[in-house]
Amino acid sequence: MNRAGRLSGLLMFACLVATPPVLAEVYKFTDKDGIVHYTNIRPADQQQFKTFSFPCYASDPKCNQLDWEKIPLNRRAFSDEIEAAADEFAVDDALIRAIIHAESAYQPEALSPKGAQGLMQLMPATQAELQIVDVFDPLSNIEGGTQYLSRLLAQFDQSVELATAAYNAGPGAVQEYGGIPPYKETREYVRRVKILYRRYRSNEG
């Protein structure tokens, strides 16, 4: 079993509102066999576990009421890691920030119901391909996510729109449909990333 562990139920992320944000709790524990588990149900039979509180991530299709034109940006978090990855893989740092914002809202321990992990929400197969040792380490996650994003940009002729769609739905789906797949989640995800990317490239606060 990979580090994502066994989800005992789908993680329900409450959506951000203006004030205050509603949070959902996720519990992490290691069983007697050394297997790491993540669950949204408080473990009654475990004395030692860690609790995380998560806001609603931009990639969550249930967050429809958020105004992505006005949601506060974050230009300070993980600046060194993002700048280093942008330079190494020749990817616009504003696009890296847009993906991180859309994927995890800058939460290093983020975990999706589908098993995507960390700041840039990397799936276990992608982690293995990129040889990422600690996906919850911000530096490793940002390096791996940016490397993967750079490959998608190269594959789709530097099209941010298609690379973003492939980041969400997989490159195979983009190739199959000859563009953005007709998936509601993917189309909404691309829309949100495009808004965030434009805003991160601007002089907005």
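In this predicted model, the side chains of R192 and E188 come together in a salt bridge, with an N to O distance of 2.4 Å. Both partners sit in helix α7, and because they are four residues apart there, about one helical turn separates them. R192 is buried, and E188 is buried as well. The pair does not stand alone: salt bridges with shared partners tie E188, R191 and R192 into one network. In total, the structure contains seven salt bridges.

Another of these bridges joins R151 to E129, whose side chains meet at 2.7 Å, N to O. Here the link runs between distant parts of the chain, since R151 belongs to helix α4 and E129 to helix α3 (residues 124-130), with their positions 22 residues apart. R151 has a relative accessible area of 36% and therefore counts as partly exposed. A further salt bridge pairs the side chains of K32 and D33, at 3.7 Å from N to O. In this case both partners are open to the surroundings: K32 is exposed, with a relative accessible area of 80%, and D33, at 56%, is likewise classed as exposed.

Helix α4, which spans residues 138-155, also holds N141. Is N141 buried or exposed? Its relative accessibility is 0%, so N141 counts as buried. Which residues surround it, once neighbours within four places in sequence are set aside? N141 is in contact with Q117, G118, L119, M120, Q121 and L122, and also with V135. Helix α4 thus offers the reader two residues to look at side by side, because N141 is buried at 0% relative accessibility, while R151 is partly exposed at 36%.

Attention now turns to helix α5 and its surroundings. A169 is placed in this helix, which covers residues 160-169. With 28% relative accessibility, A169 counts as partly exposed. Leaving out residues up to four places away in sequence, A169 touches P181, Y183 and T186. For one of these, Y183, the C-alpha to C-alpha distance from A169 is 8.4 Å, across a sequence separation of 14 residues. E185 offers a second reference point: its C-alpha atom lies 8.8 Å from that of A169, and the two are 16 residues apart along the chain. E185 is located in helix α7 (residues 184-201), the helix that also carries R192 and E188. A relative accessible area of 29% makes E185 partly exposed, whereas R192 and E188 are both buried.

Finally, the surface carries a patch of negative charge, made up of D80, E83, D87 and D93. Which helix supplies the largest share of this patch? Helix α1 (residues 79-89) does, with three residues. D87 is one of the residues found in helix α1. Its relative accessibility is 61%, which is why D87 counts as exposed. Exposed acidic residues are thus seen in two settings in the model: D87 is a member of the negative patch, while D33 is paired with K32 in a salt bridge.

Key
Residues numbered from 1 in each chain as written. Predicted model: local features only at pLDDT ≥ 70, side-chain atom pairs only at ≥ 80, totals over all residues. Heavy atoms only, no water. Patch = residues over 30% accessible without salt bridge, like charges linked within 9 Å, V, L, I, M, F, W, Y side chains within 5 Å. Areas by Shrake-Rupley, 256 points an atom, 1.4 Å probe, with all protein chains shown as cover. Salt bridge = Lys/Arg side-chain N within 4 Å of Asp/Glu carboxyl O. Lys, Arg positive; Asp, Glu negative; His and termini not counted. Charge placed at Lys NZ, Arg CZ, Asp CG, Glu CD. Helix = DSSP H or I, 4+ residues; strand = E, 2+ residues; numbered from the N terminus. Buried < 20%, exposed > 50% of the residue type's maximum accessible area, 1.4 Å probe, protein only. Contact = heavy atoms within 4.5 Å.
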